Amino acid sequence: QDPAVIVALVDEEEHLLLAHNASWQRPLASLIAGFVEAGETPERAVEREVGEEVGLMVDEPVYRATQPWPFPRSQMLGFSATLAAASRREPVPDGVEIDWARFYTRGEFAREVLAGVIAPPGPSSIAHALVSEWFGEALPDSPLSGQTPERP
C-alpha cells in the first residue's frame, strides 16, 4: 500500500484552506493531499505537499485518523495543522495540480456549498470527516452530487 496524507489546514482565525484539483470536473473543494515519499515521515509529507501545492508553511501537523483509499491502493492519513506564523497568508496554487485555493470562514463555506458554487468532499471520505470536524456540525447539503473523489 502507498501511504498518502491529507490535511485540514487552518489559519490563525480558524479559516479552513480548501482547494480544487485541476483534474476534477466539478467544483469539488477539498483538502490538500499527496503521497508520502520513500523515507519521509507523514508529518513531513504534510509540510511538503502544502508547500508544493499552495506555497504555504504549516506548524504542528497532528494525526487525526486513517482511511483505506483505493486510488490506487493507499492508506490516507488524515491530519490537522495550523498555518505557520512565518508563512505567507494567502495560498498560491501551483497551477498544475491545484488550480485554485482559498481560506474559508464557516459562513462562507456554508453559503458557497448551499449555492452550488463548491461541492464539499463526499460523505464516505476522510476529507469529509476532517471538514465536518472543523465546521462543527454536519456539512450543508450541496445541490452538486456525484463529484469526483479527492485523490492524492
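**Helix α3 and the salt bridges**

Q: Is E133 buried, partly exposed or exposed in this predicted model?
A: Buried means under 20% relative accessible area and exposed means over 50%. The relative accessible area of E133 is 45%, so E133 is partly exposed.

Q: Which residue does E133 meet in a salt bridge?
A: The partner of E133 sits in strand β4, whereas E133 belongs to helix α3, and the two are 69 residues apart in the chain. The closest approach, N to O, is 2.5 Å, which is within the 4 Å that a salt bridge requires. The partner is partly exposed, with a relative accessible area of 38%. The residue is R64.

Q: How many of the 10 residues of helix α3 are buried?
A: Helix α3 covers residues 126–135. The buried residues are I126, A127, H128, L130, V131, S132, W134 and F135. The helix is therefore largely enclosed by the rest of the structure. The number of buried residues is eight.

Q: Which helix is included in what covers the buried residues of α3?
A: The cover includes the strands β1 (2–10), β2 (16–21), β4 (58–69), β5 (74–83) and β6 (98–104). It also includes a helix at residues 106–114. That helix is α2.

Q: Which residue with a positive phi follows α3?
A: The phi of this residue is near 90°. The residue that follows the helix is G136.

Q: About how many helical turns separate E47 and R44?
A: Both residues are in helix α1 (residues 42–54), three residues apart. An α-helix has 3.6 residues a turn, so residues three or four places apart point the same way. The side chains of E47 and R44 meet in a salt bridge at 3.8 Å, N to O. The separation is about one helical turn.

Q: Are E47 and R44 buried, partly exposed or exposed?
A: Relative accessibility is 31% for E47 and 41% for R44. Partly exposed lies between under 20% and over 50%, so E47 and R44 are partly exposed.

Q: What distance separates the closest N and O atoms of R102 and E108?
A: R102 is partly exposed at 26% relative accessible area, and E108 is partly exposed at 26% relative accessibility. The two form a salt bridge, for which the cut-off is 4 Å. The closest N and O atoms are 3.2 Å apart.

Q: How many salt bridges are counted?
A: Among the pairs are R64 with E133 and R102 with E108. The count comes to 11 salt bridges.

Note on methods
Residues numbered from 1 in each chain as written. Predicted model: local features only at pLDDT ≥ 70, side-chain atom pairs only at ≥ 80, totals over all residues. Heavy atoms only, no water. Buried < 20%, exposed > 50% of the residue type's maximum accessible area, 1.4 Å probe, protein only. Helix = DSSP H or I, 4+ residues; strand = E, 2+ residues; numbered from the N terminus. Contact = heavy atoms within 4.5 Å.
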